[in-house]
Amino acid sequence: FDLDHFKTVNDSLGHNLGDRLLHMIGARIRGTKLRSECIARLGGDEFAVLISGLSADRDTARQQASEAAAELTRQLRTPFEIDNHDLVGSVSMGIAIFPDTASDVDSVLKQADLAVYSAKNAGRNTTVQFVDHMQDDVNRRLFLERGLRHALNRQELELHYQPQLDNHGQTIGAEALLRWRHPE
């Protein structure tokens, strides 16, 4: 999970207070009743919590992970008091189930990170479970961006102008269109 708008805390109240908040968050997570094997701060405001003992049944494991995320969210929504500041935050969480969706630690962390990114894009303060299409979407975007960079070098882009007309058919402007003549 990532803390939503943590940068605002650092920018407005200082990094020292932000660091203290991160320590308090870690302590609060350790104090939950979650069956966590590992709690790690991956960097900045990004944390990972490894929950053990989930069911071997895929749907049940997903439900258990959602319940654990909801409990963690409840714990983190309780205000933190630091130097007369009540800091109430929200978190964007991503869930990936090992070995359900990933076969190794790096993959499950990457998948959880994609789910966090999806939660942030959904408006923050929510939890999203990883699904395969998330990786497909990222791969498509990377393929498209790489292709566009090469399109410039290969001169595959064409500039066209399309007239803009008023109700009387008179030209009042032009719209510039860039077309990509992709080889495929």
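Here are legends for three close-up views of this predicted model. Residues are numbered from 1 along each chain as its sequence is written, and side-chain values use heavy atoms, leaving out hydrogens and water. Local features need pLDDT of at least 70 and side-chain atom pairs 80 or more, while totals for chains, interfaces and linings use all residues.

**View 1. Helix H1 packs against helix H2.** H1 (residues 6-13) and H2 (residues 15-30) sit with their axes 6 Å apart, at an angle of about 140 degrees. That makes the pair oblique (neither under 35, over 145, nor 65 to 115 degrees). On the H1 side, Phe 6, Val 9, Asn 10 and Leu 13 meet H2 residues that include His 15 and Leu 21; contact means heavy atoms within 4.5 Å. By class, six of the residues in this contact are nonpolar, three are polar and none is charged.

**View 2. The buried residues of helix H3.** H3 (residues 58-77) runs for 20 residues and spans 28 Å from first C-alpha to last, close to the 28 Å expected at 1.5 Å a residue. Its buried residues (under 20% relative accessible area) include Ala 61, Arg 62, Ala 65 and Leu 76. They cover an arc of only 140 degrees around the axis, so they end up on the same side of H3. Among the elements covering them are H2, strand S3 (46-51) and strand S7.

**View 3. Asn 125, a loop residue with positive phi.** Look between helix H4 (105-121) and strand S7 (127-129) for this one. Phi of Asn 125 is near 55 degrees, whereas most residues other than glycine have a negative phi. Asn 125 is partly exposed (20% to 50%), at a relative accessible area of 35%.

Methods. Axes fitted to C-alpha atoms, helices over the stretch in contact; angles between N-to-C directions. Helix = DSSP H or I, 4+ residues; strand = E, 2+ residues; numbered from the N terminus. Nonpolar A, V, L, I, M, F, W, Y, C, P; charged D, E, K, R; others polar. Buried < 20%, exposed > 50% of the residue type's maximum accessible area, 1.4 Å probe, protein only. Expected span 1.5 Å × (residues − 1). Arc of directions from axis to C-beta.
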